[in-house]
Amino acid sequence: MHVTHDPAAAASSIIDFNTFLAVDIRVGTIVDAKPFPEARKPAWRLWIDFGPAIGVRKSSAQITENHPIETLVGQQVAAVVNFPPRQIGPVVSEVLTLGFPDADGKVVLMQPSKPVPNGGRLF
C-alpha cells in the first residue's frame, strides 16, 4: 500500500495546492477497537467518530505493534475521509487512518498534540 517507509527517500513529485485540498484529512476520536484476526497483516478494526457532519466511520489499521488495543478508545487520530471504501477481507474500511513509520517501519498514529473538536480538517 505504501510506496516506501524509507526516511531517506526523495520527496514525491510537486503537486499544486488544489490537489492537496482535494484530500480531506479530518480528526476523529476512536470510539471502539476490535481485533481483526482475518487480516493478512496484523491489524485492528477501528470505529472513529468524526463529529456530526461525517459521523462514525470504520477503518482497518495496521498499528498493532505500537498501539495496544486496550489503549485506543478515546484517542484522537487523523484520517483521510474522502477515499472510496475499501474491502479488506470481510471488512469494509471507510477511512484511511494515518500514521508514520517508526525506526522499525511499524506504524505510529498521526494524532493532534492536544484535544481538538472531532471533524476538524487538516490545513
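**Salt bridges and nonpolar core**

Colleague: Which residue forms a salt bridge with Asp24, the closest N and O atoms being 2.6 Å apart?

Modeller: This is a predicted model, in which local features need pLDDT of at least 70 and side-chain atom pairs pLDDT 80 or more, while totals for chains, interfaces and linings use all residues. Residues are numbered from 1 along each chain as its sequence is written, and side-chain values use heavy atoms, without hydrogens and water. With a salt bridge taken as a side-chain nitrogen of Lys or Arg within 4 Å of a carboxyl oxygen of Asp or Glu, the partner of Asp24 at 2.6 Å is Arg26.

Colleague: Is Asp24 buried or exposed?

Modeller: Buried means under 20% relative accessible area, exposed over 50%, and partly exposed in between (1.4 Å probe, protein chains only). Because its relative accessible area is 12%, Asp24 is buried.

Colleague: How many residues apart in sequence are the parts that Arg121 and Asp24 tie together?

Modeller: Arg121 forms a salt bridge with Asp24, with the closest N and O atoms 3.3 Å apart. Arg121 lies in the segment after S9, whereas Asp24 lies in the loop between helix H1 (17-22) and S1 (helices, H or I, at least four residues; strands, E, at least two; both DSSP runs numbered from the N terminus), so the pair ties together parts whose separation in sequence is 97 residues.

Colleague: Which element gives the largest share of the largest nonpolar core?

Modeller: This core (buried Ala, Val, Leu, Ile, Met, Phe, Trp, Tyr and Cys residues joined through side-chain atoms within 4.5 Å) has 16 residues. Strands S1 (25-35), S2 (44-49), S4 and S9 (107-109) give two or more residues to this core. The largest share, three residues, comes from S2.
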